[in-house]
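The exercises below are meant to be worked through with the sequence and the 3D structure open. Each begins with a task and is followed by a solution in steps.

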Amino acid sequence: MELKMFILVVVLLVGSLMPLRGASSSLGTGTTHDNHGLQNHQNSSDTTPSKKPFPVLSFDYDHVRTPFEISLWVLLASLMKLGFHLIPSMSSIVPESCLLIVVGLLIGGLMKLVGENPPVLESNIFFLYLLPPIILDAGYFLPIRPFTENLGTILMFAVVGTLWNAFFVGGLLYGVCQLEGHRLGNVDLLSSLLFGSIISAVDPVAVLAVFEEIHINELLHILVFGESLLNDAVTVVLYHLFEEYTSVGTINVTDVFLGIVCFLVVSLGGIVVGAIYGILAAFTSRFTSHLRVIEPLFVFVYSYMAYLSAELFHLSGIMALIACGAVMRPYVEANISHKSHTTIKYFLKMWSSVSDTLIFIFLGVSTVAGPHEWNWIFVVSTVIFCLVARVLGVVGLTFMINKFRIVKLTSKDQFIIAYGGLRGAIAFSLVYLLNEVHFPMRNMFLTAIITVIFFTVFVQGMTIRPLVDLLAVKKKQETKRSINEEIHTQFLDHLLTGIEDICGHYGHHHWKDKLNRFNKKYVKKCLIAGERSKEPQLIAFYHKMEMKQAIELVESGGGSKLPSAMPSTISMQNIQPKKPPQDRALPQLSKAREEEIRKILRTNLQRTRQRLRSYNRHTLVVDPYEDGWNEILIKKKKMMELEKKISQMNNYLTVPAPPPDSPTIARARLASDPQAWGMKSVTESIPTIKVDLASPQSPESVNVVDELSKKGSQPKVSDEEEDGLTMKVPSPVKQRKDKKPDEEDDKEPQQRFMRCLSDPGPAAEEEDEDEPFLP
Amino acid sequence: MGASQSGRVHKFQELADKTGFSIEQIKNLHSRFTYLTQDEDTLRREHLENISNLAINPIRRQIIEAFFDKRNLGENEKGCLQEISFEEFVTVLSFFRPPKPRIPDEEMKNIRKEKLRFLFNMHDTDNDGVITLDEYRRVVEELLSSYETIGAETAKAISDGAMLEVASVTVGQMGPDEFYEGITFEQFMQILQNLEIETKMNIHFWNLDTTTMKCGK
């Protein structure tokens, strides 16, 4: 049902696109003519202006032509994408990129039928507008650890593999052309080498589009994807080299040497440019604590500038963009607010998705539009040579690489790497850029490239998923990282560094450790604002994990079921070493009474939780200067009496409050950020309401107080005046802490440490305005 | 001279067979050993502590202890030695040898178990077969010891959380009055099974002689 409506909408849109364009040409000129006519009349004869009826409704397409068409295309592309996911059977068999190309073909065909000239994917638009979002998305979210661990392998594939492919395909094609003779005779060596270099580059857009859907393991994904990103430098150099010298006709040793130098300059230069912009972005983000709204803008603009600056000097724009994103990410993420982080993530994903869709659709349309010259021999031999070159290249390189790798690449891995070498729109655009004068066989190249692209995207793209299943290639592990794994990963890092030091050679771990220490000592201090710069990775990881759990908890709403995060009934008391009974300051309640108390509390908490759902969960903040504050203070005392019992139901662990001005605390807040609310240190006089979100009862803290006091069902529990659940006045707590350090120590450590989730309003003495975080 | 040389080569061959290193690697390790001990026969803790790069490592104590731990040396007794010989040095280092490429799954599992056992022994300092909460706490504290601003409570909370996670994953349901002793070796293996220890816990033992290159000191 919805599918039919959807198709109707799409057809209407497409239908409107055609006559609109047809109408525009006629009507557009018509209206402009009219305007001119009117003006002329008025200018020439002031005496008798011809009176026309005032146009109530006029049609002026030219005025909005360009943005209108662009928006229409984007809308169409997005609707297409939406449509595919409405057909679940299709999307599991055919990768999205194939469907989009088919749609592009259909639209192009329709346009040709109508008599319109279908638009072609102009290289300018492609390289300047469509490609950067995809690459930035890839670079910003590049998993650094596996990337650097496999960097040698990736570089080998990217540089040596692409060179091998280029020369193999180019050389063999030249041979074929010479053999063939008449029609292909004008393809000289340099042209075919140029063609080879264009077609041999694995395309990141296509790889991303296909690999994203098959979820293979991280190693293979990063190998193929990394290769597709890093071979850009090689492609750029070879392309410019051969293009330059084709007109001359010959190439000598100096040129080759210069080419190698150029390659180093292009790649390293691109990386340096990207890194500079990345550092600038990181540095800028250090000061954005007061203007959180434009933080994402800095990320995007700096990255785009990095790309454009690299393209300015003919350096590798892709590598610049990757370097920029990868360099700035750890520092920017430490500085920006949680909302900005989400904004960046979603904007990048959105833009890259739209770009990706547009690219494939336009690829389809351009196929219909573009000037073609079909030559069976050339095209077929191109396809065959590409495949053979790829396979040979991968096998040969893996043989050499495996000598240096600890984790060897199996033949299954090699197959997937070879099979995943998809070509895409970059190759197409590069051919499109070729000058027809210098390259009379450009159309033939275009046809051949389109054929190869179609072949790789359709045949390889569609079959890779069943092949992955057939070969039982390891898939991506979906499990979340646990705190134990994180601890041990770090432990292993240090252990291996230590062993390397004992054995006395500078290995991989030694340098990584040195880099980390350098980073910690100098770089972080400059680029990360405030206290965050000193936070170790383990703590940051732990806070992130806790926050995720907490958010899950609140979003699950409550009810009688605890969220699945901790399905076991193990709580802290199972782990704490047993204390002899006489240490308990609590009078022994009978089991029945305990059960009763627990039941009462549980039902009350559930009720308040359901009540809370109607509240706006973004404003959990309580303003202490409100009238009800004193009341709350009184009720707080009564709450303290319940804490002992409540703590036993506390299955959740809380972490110690990070240093008060750490943005991680504030990030755990659910409040929206209306103003700059700095974190107060615990010792200040303003009473802070600390809501322990990680425990089941927490969000309802204030209401619980009301509920329970109304019910009057507070059992006479001795006042363990430990911090509870809800509110505490900071100074008395401190004293209490000192008074009974030993007793509390092992029994309820979790109670002492609260995550501060809401904060009082800005106080009069808001000295430190440069707190890094805005809640 | 010839007799001692051939005797040493013979010993190296034995070691190579036992630990899986090549003769070249054993020779390099021997030169490193003599360099560290300054030509003495046995290695003591002070020799290892003299390595300057090791001094900034947060878990150096545990690493050094691991070399002198009897459990890692293949003996069934517990306790520590005060000094170790070259064979024992190489035995400990053999835990970090990368596994040979084409070995069956069974053997891979054994290798993983051995490496995990080494890690377990590093944590379980009192040799009782379980990692208790205190021992785990100490591990986390040492990991965080290079950051001065982190208090002991943070380390405690993290280790508590980690312990809780282990218990939840491995034991599942426990009544409120039961007590979880500590992480046993089986549970340790279970929680770290996703980490692929056998591929991660390796270092490259080059076949070159690195001591003459003045590294590592």
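**Exercise 1. Decide for each partner of the salt bridge between Arg65(A) and Glu69(A) whether the residue is buried or partly exposed.**

Glu69(A) counts as buried because its relative accessibility is 14%, where buried means under 20% relative accessible area, exposed over 50% and partly exposed in between, with a 1.4 Å probe and protein chains only. Arg65(A), at 27% relative accessibility, counts as partly exposed. The closest N and O atoms of this pair are 3.9 Å apart, which fits the definition of a salt bridge as a side-chain nitrogen of Lys or Arg within 4 Å of a carboxyl oxygen of Asp or Glu. Finally, both residues lie in helix α2 of chain A, four residues apart, or about one turn of the helix; helices (H or I, at least four residues) and strands (E, at least two) are DSSP runs numbered from the N terminus.

Before going on, note that this is a predicted model, in which local features need pLDDT of at least 70 and side-chain atom pairs count only at pLDDT 80 or more, while totals for chains, interfaces and linings use all residues. Residues are numbered from 1 along each chain as its sequence is written, chains are lettered from A and ligands numbered from 1 in the order in which they are written, and side-chain values use heavy atoms, with hydrogens and water left out.

**Exercise 2. Describe the salt bridge between Asp513(A) and Arg517(A), and then one in chain B.**

Asp513(A) and Arg517(A) meet at 2.8 Å, N to O, and both belong to helix α20 (residues 508-527) of chain A, four residues apart. Asp513(A) is buried, with a relative accessible area of 17%, whereas Arg517(A) is partly exposed, with 31%. In chain B, Arg44(B) and Glu40(B) form a salt bridge whose closest N and O atoms are 3.4 Å apart. Here Arg44(B) is partly exposed at 27%, and Glu40(B) is partly exposed at 33%. Over all chains, the whole structure holds 17 salt bridges.

**Exercise 3. Find which residues have the most contacts inside the largest nonpolar core.**

A nonpolar core is a set of buried Ala, Val, Leu, Ile, Met, Phe, Trp, Tyr and Cys residues joined through side-chain atoms within 4.5 Å. The largest has 134 residues, and those with the most contacts inside it are Trp73(A), Phe126(A), Leu131(A) and Ile198(A). Its largest share, 14 residues, comes from helix α10 (residues 218-248) of chain A. A second, separate core of 71 residues includes Leu496(A), Ile26(B), Leu36(B) and Phe86(B). In soluble globular proteins, nonpolar side chains tend to be buried together.

**Exercise 4. Outline chain B and state how confident the predictor is in it.**

Chain B has 11 helices and two strands, and of its 217 residues 49% count as buried. Its mean pLDDT, the predictor's confidence in each residue from 0 to 100, is 76, and 83% of its residues reach 70 or more. Among its elements, helix α1 (residues 2-19) of chain B has the lowest mean pLDDT (72), and helix α7 (residues 105-123) of chain B the highest (83). Over residues 210-217 of chain B the pLDDT is below 50. Where pLDDT is low, the predicted coordinates should not be read in detail.

Definitions and conventions
Contact = heavy atoms within 4.5 Å.
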